[in-house]
Each structure stands twice: as structure tokens, then as C-alpha cells.
Amino acid sequence: MASGQRQMARGILLAVVVLVLVSPNPLAGQQGSNVTKPLLLVYSQGEPAYGRELANILSGDPRIDAQILVLTDPDLFKSMLYFPSVKVVLAVFNHDKDEGLGEHLQNFFEGGGGMVGLGFAGWQTTTRQASQTVFPLNASSYIVGSYNASARAYMHDLYVDEAHPISRDIGDFTAYTHKVFVSADKASGQQLSVKSEGEVTVVYRDAALNAPAVVVYEAAGVSVTFACFAGDSVERAPTYFGRFTSREEFRKLLRNSIAWVWASERRYGKTMSSALARFAEEAHEADEIRAQAELSARQHKTHRLLRTVAIAALAVLGVGAIHRKCFAPSSRKTTVEEQAKGG
Amino acid sequence: MKSCSARTWLNLEMKQVVDRRLVGIVAIAFVLSSAGFSLFVGERVESPIEVIRNEWNLPTDSKGIYSMPKTEGRYTYSLGLVVRKPFEKLELLFATLKNSSFKMVGGEIPPSASARERFGAIVELGNMTSVIEGYAERYHMRLEEHEFRAKVGSREYEGFVVDLTWPIVPVAPAAVQHGLPTVHALLFDPNGTALQYYRGFPDFFLSRNESIIDLTIQRNQNVTKFSQRTTQQGTSLLMKDAPALGRLAFRDLRKEDQIFVTVAVNSADPDAMYQATPARDTMIHMILVFIDGECYDVFVSPIIW
């Protein structure tokens, strides 16, 4: 009786555990809705503080309903470029170092991705082929701005060349940035010397040389390339990122650029749908295998139970037979009678 | 008549020699012990697989760690498994990870921290993994996170591996899939004083088209061989056509099935193998073993370059 009650209690407990596991957790659901927004991937080459500052600038913009992940490790960034939930990439290259990312940036862009590149993004030896196919500056030289001693910064005057949503409410402005990157020949820097397959719009130009400073590119994907705003974290240096990230024009331009790319990119929807189909298929297969394994386990358990019962029954029969033969009084009586007869 | 007299004779004999009750007790004990043996010993829970081989034919250094010579030569890793209990699916996931401890950036890790907490303390990687975990839960992405134990020379380490291959690689073009470092592992000693971070690629070995001489996959009598060049007899397939990402799956496993995998590598080209990354001191060759979708074990072979 006690054993039966224990078994019943165990059964109820098991049922409760199963119910808890399979029922949707309202808290998890809330978390899920927060953490599974489209991803805005921020890559800040070698400068985590700069990356965090960019994330701060973007995080409050209602046009960009994103979860933001900041990375500075090129290997991790390279991997994440293929994660299906990434909708837009903001890549800041602060040095001319080639980290082998060009091919991967191009893959993301050709898949319809939206990207915003700053600093050395359009520099030939930093992003290789992507300096033409994604961030179409093909830059290999730069112009240093005029130095403002009171602001301890270099400055470039930028003027609007072609109207575009990203320059809305900004107009001409002075950028507190050290360099503007241009094509090899400064004289020809006035024109983009790239063989682009899509549509290029030069939104801002540097006033000193008429060189493109902010370029919008639409081909398989969409991009906004800034030929400036490479920075570092040394607060006393004229190249400190805070010199321009604190300027309202920069903040607006960055937000507008990301918002435009966010609305214009073509990768997220199709990548997510194909990836989710694949994930669902894999999950279904995993469920089937698990179900099959559970069925096999149940069959094995039943087989074991039957075997146990059979062995126990045989043992009982065996013990009964032995008992009858060796311990039963009738058997002993017969023997005694037979002995008497024999005697 | 004859049997009756024989029985009488027997009974008389037993009466004289031993009490038949004693015989009964012995017989009952024999029956019960036989039944008990069948029930408890004969039906004991067996491991579904037995590992009969899991080794590199590499020289070892003074601490007993495999040491890969930088010279031309054929060095093989062999894995041999025998199925002891039938099951549905066996998956072997190969990966080779390089010591990337110099990339590890993180804060203080309390000694009582769990393996996952230690992993999460590597700031960027921890953040990235947490983000992927959120999506994985929401969209049923396969994400493998497992604790394991590894012996490096005479020292025992605990480990934690995160395989992000499933969420990331399916979207990548085939040409770049093998170059994405999606497997991350942490090794630490039980006191939490030593910590090593390894980062690597899901495949049978690094740079399959340069470093792997041949790969043999065998299930019972069925042998499939991959090498860099096809043989004239056509018995070997091209290495580039070997199972993608070092993932092997076997279905409908029967008792006594035998699985063998042999990877032969040439260590003469370290740059190709290490893809010009600076960490060249240690790597770990790893196989995650899954039985019916559950991680059964993680085999780890540390190798010094």
C-alpha cells in the first residue's frame, strides 16, 4: 500500500515536472521578445570604448529597434557576419591593418546586407576588395584637416553635395576628424575612382579638395561610407574619438545613416526565413530521433520487465518443485513407507 | 517398476549420506542465485558504446603531451568505437582549436564560478555567446555547450566548450565555411588558477585541403576513403568532398557495429595549418560525441606544435 502511494506520488511529481518543462514560461517569453530583436552589429577595430560610444549614440533612436552587440575581435566579428539575425553592420576601422575581413564584408553586402563604414573602411589595404565593392572609396591617401588649437582637434569642412535622407536636418558642418581618406591621386580624389556596379551618391564632400567624404552606395546591398572618423581612445590626442562623437552633427548623421540602412537593407528577411526553415528542419529531425530513442528505451524497458517476470516465474517454479521434492511431508512419508516395506 | 526401485534406492542412499533437506537448500540457493545473476548482473546497464581506440601516433614530450614535429611526415589520429547497445544516431563532431589565450580579455573570476560563468567572463566572447543563446532559444537553433575533462600531460583540467557552428555556418558560403572560428573552449584547473582559451574550426583537422593526407571512415565492412588526389582505381574520393565541417553521422546503430575514423595529417606546413595566426604553441584536437542527440562525451587531445 505504502509502495503504491509512493509510486503514485512519483508519477504526479513526474507529470508536474513535464508540465513545467513543456509549458511556455511567461518570463522567458518576455526576455525572448527583448533579446531577439534584429541585431545591429558594431565592430570597432581595436577600440572597444569607441564601439561602446557608438552603441550609446544609436541605442535611443526609435527608428532603430535593435539589439546591439559591440565587438572588437576580428575573428568574432567575421563569424557574426554570417549570423542570420544580423540586420545591419556598423564597422569602424581605426587603423590601416588588414584583418582579412574584406571577403566577409563583401559576402554580407552581396547578400543584400546593410552596412555603415567609418574610418579606414574604404581604405584599399584594410578592407581589400570591399574598399570598392562595399565602401566604394578605393582610398589610398588622405588629407589632414586644419588644426584648431583651442579645440585640440583637426577639422574638415564638409558640404552637402547631393540631397539624401541621411543629411536631413544637418546641412553643411565642420567635422572634428583628423583625416579624410581619398583615392591615390589627391587631384582625382574629387571623383570616385571605383568600378561600382550600383548607384553611388556623394552626399558630403570635403570643402578643401572636393573629395567625397560621405558616400551612399546601393547595389546588391546598401552602404553608407564615411571617409573619415577613425579614432582612438587617447583622450589628450587630437585623434580621440570623443572629439567628434560629442558633436551633434556627427551623432545625427550617424543615426540617420543607420536608420536609412536599417530601412533599406534586403538581407535580414530572406536570411532569417531560410535560416529559420533550416533550424526548424533540424529541430524536427532532432525531435524525431529523441522520440525514436525514447520509444526504443520504452521497448527495452518492457522487454526487461517481461524478462524479469519470466525469470522470477521460473525461479518460483523451480523453488516450488525443489520444495515439493525435498521438503513436502508427503514425499517424506512415502519414503518412510517405502523404507518400512523394504525393511 | 524399475524406476520405482531406483528411486527407493536413491532415497535410501540419501538418507544414509545426507539429509535431503540439505540438498533442497543447496538446489534452492542455486536457482535463486542463477535468477539473481540473470536479473542483476546479466541485465546490467551497459554503456552504449565502447571506445577501443582514441589516440594519435605522435611522439610525446617529457610531460607526456603529444608533440607534432614540424617535419614532413604522416601522423594519424585513430578513433575506434564498438556499439554495445543499439541506438538511433551517433554523431561525431571534429574540431581543432588553437591556443588563443592572448585574446582573452576578462575580469576577475571567483574560484567558485561555474564553467559557464568562467566562459562568460571572457568579455566579448561571453557577450556574443549570450546574445546567440537568446536567439537560439527563441528560434530553436542548435547550440552546443558542454563541460568536459581533459588531461594535459600529468595535469587534469576541467573544460567548457561552446560550438556556435549551427547558428552561424549555414548562412555562410561554402568557400568560407571552414575558415570561420566557431568553436570555443576554456580549460582551467579545478582551483581556477590556470586558465587557457582555445578557439578553432569545426573540421577533421586544420586546413583540410593542405594538411590532411587522407581520411578513412569505416562502419563495419564499409570503408570510405578521402584523399587529396583520387586513385586510379577510384577507391578514394577527394578530400574536399569529405563530410562538411568534420561532422559525421551514423544512423540505426546495431549491437556490435564498429566505427573507425582515421585522420592522417602532414605537419610540414605550419603556416597553412595555423593560417598565419600568431599562437603556435598548443592546440587541441577535439571530438564531441553525441548519441541520440545527447552529448555522450568530449574527447580531447592536446598537441604541442
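Select B:Ile217 to begin, and look across to β13(B), where B:Val261 stands opposite B:Ile217. Strands here, like helices, are DSSP runs numbered from the N terminus, with at least two residues (E) for a strand and at least four (H or I) for a helix. What you have open is a predicted model, in which local features need pLDDT of at least 70 and side-chain atom pairs count only at pLDDT 80 or more, while totals for chains, interfaces and linings use all residues. Residues are numbered from 1 along each chain as its sequence is written, and chains are lettered from A and ligands numbered from 1 in the order in which they are written.

**Along β9 of chain B**

Stay with the same pair of strands and select B:Leu215, which stands opposite B:Val263 in β13(B). β9(B) and β13(B) run antiparallel and are joined by seven bridges; two strands are said to pair if DSSP finds at least two bridges between them. Strands of a sheet pair through backbone hydrogen bonds, either parallel or antiparallel.

Now turn to β10(B), which is joined to β9(B) by six bridges and runs antiparallel to it. Select B:Gln218 and you will find its bridge partner in β10(B), B:Val223. β9(B) and β10(B) form a hairpin with two residues between them.

**The turn, and a second loop**

Which residue in the turn of this hairpin has a positive phi? Select B:Asn220, in the loop between β9 (212-219) and β10 (222-227) of chain B, where phi is near 50°, a positive value in a residue other than glycine. B:Asn220 is exposed, because 12 other C-beta atoms lie within 10 Å. The terms work as follows: with C-beta atoms placed from the backbone, a residue is buried if 20 or more other C-beta atoms lie within 10 Å of its own, exposed if 12 or fewer, and partly exposed in between.

Go next to B:Glu256, which lies in the loop between β12 (247-253) and β13 (258-266) of chain B. Phi of B:Glu256 is near 75°, again a positive value in a residue other than glycine, and B:Glu256 counts as exposed because it has 10 C-beta neighbours inside 10 Å.

**The whole sheet**

Widen the selection to the strands β1, β3, β13, β9, β10 and β11 of chain B, which in that order make an open sheet of six strands with mixed pairing. The edge strands are β1 (49-56) and β11 (236-238) of chain B, each of which pairs on one side only. From one strand to the next the twist averages 15°, where axes are lines fitted to C-alpha atoms, for helices over the stretch in contact, and angles run from 0 to 180 degrees between N-to-C directions.

**Where chain B meets chain A**

Show both chains, and find the 48 residues of chain B that are in contact with 50 residues of chain A; contact means that the C-beta atoms of two residues, placed from the backbone, lie within 7 Å. On the side of chain B that touches chain A, α1 (2-17), α2 (20-41), β4 (87-99), α4 (123-139) and α5 (165-168) of chain B each supply at least two residues.

**The core and one strand of chain A**

Select A:Leu40, A:Leu41, A:Val89, B:Ala185 and B:Met286, the residues with the most contacts inside the largest nonpolar core, which has 142 residues. Such a core is a set of buried Ala, Val, Leu, Ile, Met, Phe, Trp, Tyr and Cys residues joined through C-beta atoms within 7 Å. Around B:Ala185, not counting residues up to four places away in sequence, the residues touched include B:Leu97, B:Phe160, B:Tyr198 and B:Met286.

In chain A, select A:Tyr142 in strand β5 (residues 141-144). Is A:Tyr142 buried or exposed? A:Tyr142 is buried, because 20 other C-beta atoms lie within 10 Å. Leaving aside neighbours within four places in sequence, A:Tyr142 is in contact with A:Lys179, A:Val180, A:Phe181 and A:Val182.

**Stepping back**

Chain A has 11 helices and 12 strands, and buried residues make up 40% of its 343 residues. Chain B has eight helices and 15 strands, and 31% of its 305 residues count as buried. Chain B averages a pLDDT (the predictor's confidence in each residue, from 0 to 100) of 85, and 86% of the residues score at least 70. The model scores ipTM 0.84 and pTM 0.83.
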